[in-house]
Amino acid sequence: MRKSLIFGLILFVLGVTVGLYASQRNCLIAFITSGHMNFWTAMELLSGIIALVGVIIILIGLIRKK
């Protein structure tokens with residue numbers, strides 16, 4: 001496997017893990033309903049972005065592989 005695929009997979013797994021841990025606190029729902037942003041809400045949003053970047057890196061790596 002290429003380095004980009006491994007790096008993308010690590011980013012994806014890290015983002016999903018942190019996002020699922022942060023979502024146990026219902027932070028995103030509280031942010032949408034009441035508008036209060038706390039640390040875990042920011043972590044949940046950031047981990048979603050990290051997981052998305054990981055998926056994009058994996059897809060780019062797979063396209064370049066062919």
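Ser47 touches Gly15, Val18 and Gly19, leaving aside residues up to four places away in sequence. The model is a predicted one. Ser47 sits in helix H3. Is Ser47 buried or exposed? Its relative accessibility is 3%, so Ser47 counts as buried. The side chain of Ser47 also has a polar partner. One of its polar atoms lies 2.9 Å from the backbone oxygen of Glu44.

Glu44 is the next stop. This residue belongs to helix H3. Glu44 has a relative accessible area of 14% and is therefore buried; the cut-off for that label is under 20%. Which residues does Glu44 contact, once neighbours within four places in sequence are set aside? They are Gly19, Ala22, Ser23, Cys27 and Leu28. Gly19 thus appears in the contacts of Glu44 and in those of Ser47.

Now take Ala51. It is another residue of helix H3. Its relative accessible area is 10%, so Ala51 is buried. Apart from neighbours within four places in sequence, Ala51 is in contact with Leu11, Phe12, Gly15 and Val16. Gly15 is also touched by Ser47. A distance adds to the picture of Ala51. Its C-alpha atom is separated from that of Gly19 by 8.7 Å, and the two residues are 32 apart along the chain.

Helix H1 covers residues 3-23, and helix H3 covers 39-65. Two further C-alpha pairs link residues far along the chain. Phe7 is in helix H1. Phe7 and Gly61 are 54 residues apart in sequence, with 10.0 Å between their C-alpha atoms. Lys65 is in helix H3. From Lys65 to Leu5 the sequence separation is 60 residues, and the C-alpha distance is 9.9 Å.

What is the exposure of these two residues? Phe7 has 47% relative accessibility, so this residue counts as partly exposed. Lys65 has a relative accessible area of 53% and is therefore exposed. The cut-off between the two labels is 50%.

Arg64 gives a contrasting distance. Arg64 also has its place in helix H3. Which label fits Arg64, buried or exposed? Its relative accessibility is 66%, so Arg64 counts as exposed. Along the chain, Arg64 and Ile32 are 32 residues apart. Their C-alpha atoms are separated by 39 Å. Ala51 and Gly19 are also 32 residues apart along the chain, yet their C-alpha separation is 8.7 Å.

Next, the surface. Which residues form the nonpolar patch? They are Leu9, Phe12, Val13, Val16, Leu20, Val55, Leu59 and Leu62. Together they have about 640 Å² of accessible area. Helices H1 and H3 each supply at least two residues of the patch. The largest share comes from H1, with 5 residues.

Val13 is one of the patch residues. Its place is in helix H1. Val13 has a relative accessible area of 44%, so it is partly exposed. Patch members need over 30% relative accessible area. Phe12 and Val16 are also in the patch, and both are in contact with Ala51.

Now step back to the whole chain. How many helices and strands does the protein chain have? There are 3 helices and 0 strands. From the N terminus on, the order of elements is α-α-α.

The overall dimensions come next. The C-alpha trace spans about 45 × 15 × 15 Å along its principal axes. The radius of gyration of the chain is 14 Å, whereas a compact globule of 66 residues would have one near 11 Å.

Contacts and burial complete the tour. Consider the contacts with a separation of 6 or more. Residues 24 or more positions apart account for 64% of them. Of the 66 residues in the chain, 21% count as buried. Ser47, Glu44 and Ala51 are among the buried ones. The accessible surface of the chain comes to about 4,900 Å². Carbon and sulfur atoms hold 75% of that surface.

Key:
Residues are numbered from 1 along each chain as its sequence is written. This is a predicted model: local features need pLDDT of at least 70, side-chain atom pairs count only at pLDDT 80 or more; totals for chains, interfaces and linings use all residues. Side-chain values use heavy atoms; hydrogens and water are left out. Patches are made of residues with over 30% relative accessible area and no salt bridge: like charges are joined within 9 Å, nonpolar side chains (Val, Leu, Ile, Met, Phe, Trp, Tyr) within 5 Å. Accessible areas come from the Shrake-Rupley method with a 1.4 Å probe; for residues, only the protein chains shown count as cover. A salt bridge is a side-chain nitrogen of Lys or Arg within 4 Å of a carboxyl oxygen of Asp or Glu. Helices (H or I, at least four residues) and strands (E, at least two) are DSSP runs, numbered from the N terminus. Buried means under 20% relative accessible area, exposed over 50%, partly exposed in between (1.4 Å probe, protein chains only). A polar contact is a pair of N or O atoms within 3.5 Å; within protein, one must be able to donate a hydrogen and the other to accept it, and residues adjacent in sequence count only if both atoms are side-chain atoms. Contact means heavy atoms within 4.5 Å. The radius of gyration is taken over C-alpha atoms; the globule rule is 2.2 Å times the number of residues to the power 0.38.
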